[in-house]
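Trainee: I would like a close look at one part of this protein, with the surroundings filled in from there. Please take it step by step.

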Amino acid sequence: MQAIIERIKAGAMWDFHGGIHPPENKTQSSHQPIREAGLPPELIIPVRQHAGPAGELLVQVGDRVKKGQPLTSWQGGRTVPVHASTSGTITAIGEQTVAHPSGLSDLCITLVPDGEESWCPRDPRPDYWHLERSELLARVQQAGIAGLGGAVFPTHSKLDGRGQRTEILIINGLECEPYITTDDRLMRDYAAEVIEGIRVLRHLLGPKLCLIGIEDNKPEAIAALTAAIGEHDQDIMVRVTPTKYPSGGAKQTIEILTGRQVPKGGRAVDIGIMVLNVATVFAIKRAIVEGEPLIERLVTLTGETFRQPGNVWVRLGTPVRWLLQRFELQPEAEQRVIMGGPMMGFTLPHARVPVVKATNCLLSPSRAELPPPGPEQACIRCSACADACPATLLPQELYWYSRAREYDKVEALNLFDCIECGACAWVCPSEIPLVQYYKIAKDDIRESRAEAEKAERAKARFEAKQARFEREKVAREARHASAAANRRQVLTEAAGGDDPVAAALARVKAKQSGLTTQGALPDGAPDNEAVIAARAARKREAEARRAAKLAEQGASAQSEVPSVNHDAASAQPTPAPASTESESGDDPEARKKAAVAAAIARAKAKKAASAQSEAPSANRDAAPVQPTPASTESESHDDPEARKKAAVAAAIARAKAKKAASAQSEAPSASRDAAPVQPTPASTESESHDDPEAHKKAAVAAAIARAKAKKAAMTQSNPTTADNEVGD
C-alpha cells in the first residue's frame with residue numbers, strides 16, 4: 001500500500017474498462033446559485049430511507065415534535081433513525097407511496113408544520129478530536145446519516161470498517177451522472193465545511209492519505225477545494241480525472257485513483273480503502289460539529305420543462321408535487337418526472353411521493369430533450385454492451401439467463417457485481433432495457449435468500465428451544481433431587497440419625513409380610529383348610545346340580561318311550577323293595593349290593609330275551625304260561641319298532657341306575673332313619689331265575705330302586721325337603 005501511496009503522490013493516474021460519454025447537460029443547473037425550497041404545508045416522512053431495517057416508532061398521532069427530534073429509534077446494527085424536518089404535529093401514521101421503482105407503499109409519518117422552526121436540544125462538538133471512536137460512530141448513527149450518493153448504506157456501519165484499518169480515504173466528488181450538479185455546487189459553495197468533514201473522518205479513521213476525486217468538467221469546485229485545504233493539510237490531495245461515465249461508481253473511482261480493484265463479492269474496506277460521497281462528508285460535519293441531524297439535503301431540479309432550474313435545499317419529506325409547483329414546472333402532455341439522473345434514475349409513479357435521503361435530482365425533461373425509449377427488439381449479439389460494461393461482465397449472457405429466470409447461472413456470471421449504471425442499455429442498438437432485467441433478477445434472488453435465511457433462523461430457534469427445554473429439565477430434576485436430599489437430611493437429623501425413607505420402606509415391607517402370613521400355622525406353614533373346605537363344598541354343589549339335571553333329562557326321555565315292562569310298572573310296590581331301598585340308604589355296603597343285584601337282574605333279563613329270540617321253536621309245544629319279561633322281549637323282537645323302543649328303555653334304565661348309585665354314594669345320609677333290611681343279592685337273583693313271578697318282582701324292585709335313587713338325589717339337592725319327608 002505504501003508503494004501505491006507514493007505513486008499517487010507522484011501524480012500517477014489509472015483507468016477502468018469500458019465506460020461511455022453521454023451528453024452532460026449540467027449547465028442548466030450548475031450556473032444557478034443554491035436556493036431554499038421553503039416549508040411545505042405537509043411533510044410525509046418514510047420511516048425507512050436507508051439500506052437496512054427501520055427503527056421502531058417513537059411518536060404517536062397527535063404528538064407535537066420539535067425540529068430535529070428523532071421519530072424512530074436507532075438501536076441495532078444497521079438501523080438509522082429519521083427525524084422531524086421541522087416543528088409541528090403528527091397527524092397520521094400509515095402506508096403511503098414512497099420513492100421507489102416499484103411504486104409500492106411503506107410506513108410514513110405525516111407531519112404538519114407549525115411554522116415556528118423550534119429546535120430540539122442539540123449537542124455540538126467542535127472539539128471532536130477529544131471524542132472516542134465509538135462515540136463518534138454513535139453520533140453519526142444517531143444523526144441518521146446514510147450514503148447520500150445514492151446507495152444510502154448506513155454510514156456508521158461503513159465507517160466501522162469491519163475492524164480493518166483504512167489506509168486511503170477517498171472523497172468522491174466525480175459526479176459523473178448527466179444533469180446532476182449537487183456535488184459540484186456543494187464543493188463550490190461549502191468547500192470549507194467539506195474539508196472540515198474530511199478532518200473529522202481523518203481523526204476517526206486515521207488514514208495515511210486522503211484523496212478528493214473530481215472530474216475535469218468542474219473547474220470551480222477544484223479551485224474552491226484547493227483553496228480550502230491550504231498548506232497545513234498535506235495529506236489531503238485533490239485529484240482531477242477525465243470525464244467519463246460511470247467514473248463516479250465506488251469501484252471505478254478506486255480503480256482510477258489507486259489502480260486497485262475490489263475483489264468480486266468484496267468491499268473496498270477489504271483492501272484498506274474507504275470511499276464516501278461529498279454530500280455524506282458534509283452531513284457528517286454538521287452532525288458532529290454542529291449537532292444537527294440529517295433533515296434536509298441538496299437536490300438538483302433540472303430539465304427543459306422547469307422555468308427555474310437549479311439546486312435547492314429541500315427538507316426530507318417534502319412532497320414532489322409541491323416542489324414542482326414551487327419552482328414553476330411547465331409540464332407537457334404525459335410529462336415524466338425522473339428521480340435521479342437519466343442513466344440510473346427511475347420514473348415516479350405520481351408526484352405525491354416525498355423527497356428522501358437518496359433523492360439527489362428531480363429531472364423533468366421534454367420529449368425532444370430526452371425521448372422515451374423505443375420498443376424492445378431482439379438482441380443482435382453485437383457485444384457493444386460488453387465493451388461498455390465498467391465491471392467487465394457479460395451483459396448479453398446475463399440478459400438471456402435473467403429473462404429465462406435461470407438464476408444459478410446469472411449468479412455464476414457475477415450478477416451482483418453489476419452497479420446498474422445503465423451503460424449497457426445506453427449503447428444497445430436494440431433498445432433492450434438490460435438493467436431492468438438485472439434488477440428483477442437481483443430482487444428475486446434476494447427474496448429467495450431471505451426465505452432460506454428465515455427458514456434457517458426458524459430451524460435454529462427451534463433447536464435452541466429444544467436444547468433449552470432439555471437444560472431446564474435436567475436443572476429441574478437436579479433441583480428436585482437436591483431438595484429431596486435436603487429434606488431427607490433434615491428428617492434424618494430429627495429422627496436421631498435414622499434414615500426416614502429406609503424406615504418407611506421397612507414398615508411397608510413388614511406390613512406386606514404380615515398380610516402374607518396371616519392365618520399361618522404355628523410352624524409357619526400356611527393354613528389352607530378353609531380354602532380346601534370351600535373348594536370341596538363348591539365341588540359337591542356342582543355335582544349335585546349335574547346329577548339333578550341328568551335325572552330330569554332321563555325322566556323326560558323315559559316318559560316319551562313305552563316301557564318294556566308295562567305290566568310290572570303297573571304293579572303295586574311291596575314293602576320289601578322299599579325296605580331294601582331304605583337299607584341301602586342306611587348302609588353303604590347294602591346299597592352297593594342292591595345296585596349289583598339290580599344290574600345282575602337286568603343282565604339276566606337281557607340274556608333270557610336273547611336266548612328266547614334265537615330259539616323261537618324251543619318251547620313251541622310247551623304249556624302256556626303267564627307273560628314274563630322274557631316273553632315281552634320276544635314280542636318286541638317280532639316288531640322292529642317295539643324292539644328299538646325296548647332297547648332305548650333298557651339303556652335309559654341302566655344310565656339312571658348308574659347315576660343314582662353315584663349320587664347316593666356322595667350323599668350317604670339321605671335315608672339315615674330308614675329301617676335296615678338284609679336282602680342277599682344271591683337269593684334275589686336265584687329267585688328271579690327260578691320263578692317267572694319272582695323275575696317279574698325283581699324287575700319291579702329294580703324300577704322302584706331307580707325311582708328311590710332319583711328321589712334321594714333330589715333330596716340331597718334340597719336338605720329341607722329331605723328332612724320333611726323323613727319326618728312324614
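What relative accessible area does Y190 have, and does that make this residue buried or exposed, or something in between?

Mentor: Bear in mind that this is a predicted model. Y190 has a relative accessible area of 22%. Buried would require under 20% and exposed over 50%, so Y190 counts as partly exposed.

Next, the rings. The protein chain has five aromatic pairs. One of them joins Y190 to W313: the ring centres are 5.9 Å apart and the planes meet at 80°, which is an edge-to-face arrangement. This pair bridges distant parts of the chain, since 123 residues separate the two partners. Y190 belongs to the loop between α5 (182–189) and α6 (191–205), while W313 belongs to strand β11 (residues 310–315). W313 is buried because its relative accessibility is 7%, under the 20% limit. Y190, by contrast, is partly exposed at 22%. A third ring takes part as well: ring pairs join Y190, F282 and W313 into a cluster. W313 also has a charge over its ring, as the charged end of R286 sits there, 5.2 Å from the ring centre. Elsewhere, K244 lies over the face of F16, 4.4 Å from the centre of that ring.

F282 and R286 lead to helix α9, where both are among the buried residues. The helix covers residues 278–290, which makes 13 residues. From its first C-alpha to its last it reaches 18 Å, close to the 18 Å expected at 1.5 Å a residue. Twelve of the 13 residues in α9 are buried, so the helix is mostly covered. The buried set includes nonpolar residues such as V278, A279, V281, I284 and I288, and K285 is also in it. At the N-terminal end, N277 acts as the cap: one of its side-chain oxygens lies 2.8 Å from the backbone nitrogen of A279. Just after the helix comes G291, with a positive phi of about 75°.

Now consider what α9 is packed into. The largest nonpolar core has 46 residues, and I198, L201 and I212 have the most contacts inside it. At least two residues of this core come from each of α3 (133–142), β6 (168–172), α5, α6, β7 (209–215), α7 (219–229), β9 (273–277) and α9. Of these, α9 gives the most, with nine residues. I212 shows what such contacts look like for one residue. Leaving out residues up to four places away in sequence, I212 touches I171, I195, I198, L225, I229, I236, M237, V238 and R239. A separate core of 22 residues lies apart from this one, and its members include A99, L323, V353 and L362.

A look at the loops adds a few more details. H83 is found in the loop between β3 (64–65) and β4 (88–97). H83 is buried because its relative accessible area is 5%. The backbone oxygen of Q142 lies 3.0 Å from a polar atom of the H83 side chain. Residues up to four places away aside, H83 touches I45, G68, Q69, P70, L71, Q142, A143, G144, P293, L294 and I295.

Some loop residues have unusual backbone values to note. V152 is not a glycine, yet has a positive phi of about 45°. V152 lies in the loop between α3 and α4 (155–160), and is buried because its relative accessible area is 10%. R405 is not a glycine either, and its phi is positive at about 60°. R405 lies in the loop between α12 (395–403) and α13 (407–412). Because its relative accessible area is 53%, R405 counts as exposed. Finally, Y245 and P246 are joined by a cis peptide bond, with omega about 5°. P246 lies in the loop between β8 (236–241) and α8 (250–258).

For scale, the protein chain has 728 residues, of which 41% count as buried. Its secondary structure comes to 25 helices and 14 strands. Among contacts with a separation of 6 or more, 75% are between residues 24 or more positions apart. The pair of Y190 and W313, 123 residues apart, is one example of a link between distant parts of the chain.

Notes
Residues are numbered from 1 along each chain as its sequence is written. This is a predicted model: local features need pLDDT of at least 70, side-chain atom pairs count only at pLDDT 80 or more; totals for chains, interfaces and linings use all residues. Side-chain values use heavy atoms; hydrogens and water are left out. Helices (H or I, at least four residues) and strands (E, at least two) are DSSP runs, numbered from the N terminus. The expected span of a helix is 1.5 Å times one less than its number of residues. Buried means under 20% relative accessible area, exposed over 50%, partly exposed in between (1.4 Å probe, protein chains only). A polar contact is a pair of N or O atoms within 3.5 Å; within protein, one must be able to donate a hydrogen and the other to accept it, and residues adjacent in sequence count only if both atoms are side-chain atoms. Rings of Phe, Tyr and Trp (its six-membered ring) pair if their centres lie within 6.5 Å; planes under 30 degrees apart count as stacked, over 60 as edge-to-face and the rest as tilted. A charge sits over a ring if NZ of Lys or CZ of Arg is within 6 Å of the ring centre and within 35 degrees of the ring normal. A nonpolar core is a set of buried Ala, Val, Leu, Ile, Met, Phe, Trp, Tyr and Cys residues joined through side-chain atoms within 4.5 Å. Contact means heavy atoms within 4.5 Å.
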